[in-house]
Amino acid sequence: MTQRVQQEVLLEARDLTVGYGHTRVVEGISFSALSGSIVSLIGPNGAGKSTMLKTFAGYLRPLAGSVSLCGEDLQRLDNTRRSRLMSVLLTDRVRTELLTCADIVEAGRYPYTGHLGVSTREDLRKVRAAMELVKVWDLRDRDFMQLSDGQRQRVMLARAICQEPRVMVLDEPTSHLDIRYQIELLDVLHHLAHEQGVAIVMTMHELPLARRISDWVVCVKDGGVALQGAPAEVFVPTVIDDLYDLKPGTFDSLTGDVALFMGTQPVATREGGPRAST
């Protein structure tokens, strides 16, 4: 993928340990997300990827180590400053009362509208631009709670884009989307990263899509980072089979497919690679 000539570290984890209370979930996390790049976290069910994202987003305090956002200690940033630098889209369901999709997306402008929360004409222009980018402008007057899961996912992505962040943290952004919208969403993320210089950190379960969209991949397993590197280094049978505890030869690095075994013999392949919720 084409990289920006000048890149800077926008999100950095240094010897980070994440977890809940006194329970350590993932330890020894160190990596950097550069401007204009997409970093994908992959790994099996329960590996701690979502816990990592919540710590990157500031929702959980690190148990050890640190996270810096645009060169500043994440824990020292107030909510307004943090929201201007980072937008977050997690898998938690948003509950609203009588809010339209345009209302939801407009909430992404709150870091810029001051205490009164009054949107300017320019704010509303950016709301429309974000909704058009992810193709939900036609849903602007619909009740958010009346939408399908896939439609809600796209509306929430529009809100994250509307914040104009330097860093985006996304948990399973392609969940609930059919293949058409998965491709369109990844095209949007590619544009944000490679054309606008946003750093994107996300979890991905669709391995073929992760292989195509990512600039850097972090493999999470057994309470630590098992491996990280460029897609060409990570998406190989020895790595993926070991990461997901698959039979040798299950993962096809050429197609990203996973063989289905009947007994000991592969009988077919299925598109999409192994899936595992965090």
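Let me begin with a term: a polar contact here is a pair of N or O atoms within 3.5 Å, where, within protein, one must be able to donate a hydrogen and the other to accept it. With that in hand, and bearing in mind that what we are looking at is a predicted model, I would like to take you through two places in the structure.

The first is Tyr 20, which lies in strand E1, the stretch covering residues 9-20. Its side chain makes a polar contact with the side chain of Thr 51, at 3.2 Å. Setting aside residues up to four places away in sequence, Tyr 20 touches Val 25, Lys 54, Leu 60 and Leu 63 as well as Thr 51. Take Leu 63 from that list: Tyr 20 and Leu 63 are separated by 43 residues in sequence, while their C-alpha atoms are 8.2 Å apart in space. Is Tyr 20 then buried, exposed or partly exposed? Its relative accessible area is 41%, so Tyr 20 counts as partly exposed, since that class lies between 20% and 50%.

The second place is the packing of two helices, H5 with residues 121-133 and H6 with residues 149-162, whose axes are 8 Å apart and meet at an angle of about 135°. Because of that angle, H5 is classed as oblique to H6, and H5 passes H6 in a right-handed crossing. On the H5 side the contact is made by Lys 126, Val 127, Ala 130, Met 131 and Leu 133, and on the H6 side by Ala 158, Ile 161 and Cys 162. Sorted by class, this contact of H5 with H6 has seven nonpolar residues, one charged residue and no polar ones.

Conventions. Residues numbered from 1 in each chain as written. Predicted model: local features only at pLDDT ≥ 70, side-chain atom pairs only at ≥ 80, totals over all residues. Heavy atoms only, no water. Helix = DSSP H or I, 4+ residues; strand = E, 2+ residues; numbered from the N terminus. Buried < 20%, exposed > 50% of the residue type's maximum accessible area, 1.4 Å probe, protein only. Contact = heavy atoms within 4.5 Å. Axes fitted to C-alpha atoms, helices over the stretch in contact; angles between N-to-C directions. Parallel < 35°, antiparallel > 145°, perpendicular 65-115°, else oblique. Left-handed = near helix turned anticlockwise from the far one by under 90°. Nonpolar A, V, L, I, M, F, W, Y, C, P; charged D, E, K, R; others polar.
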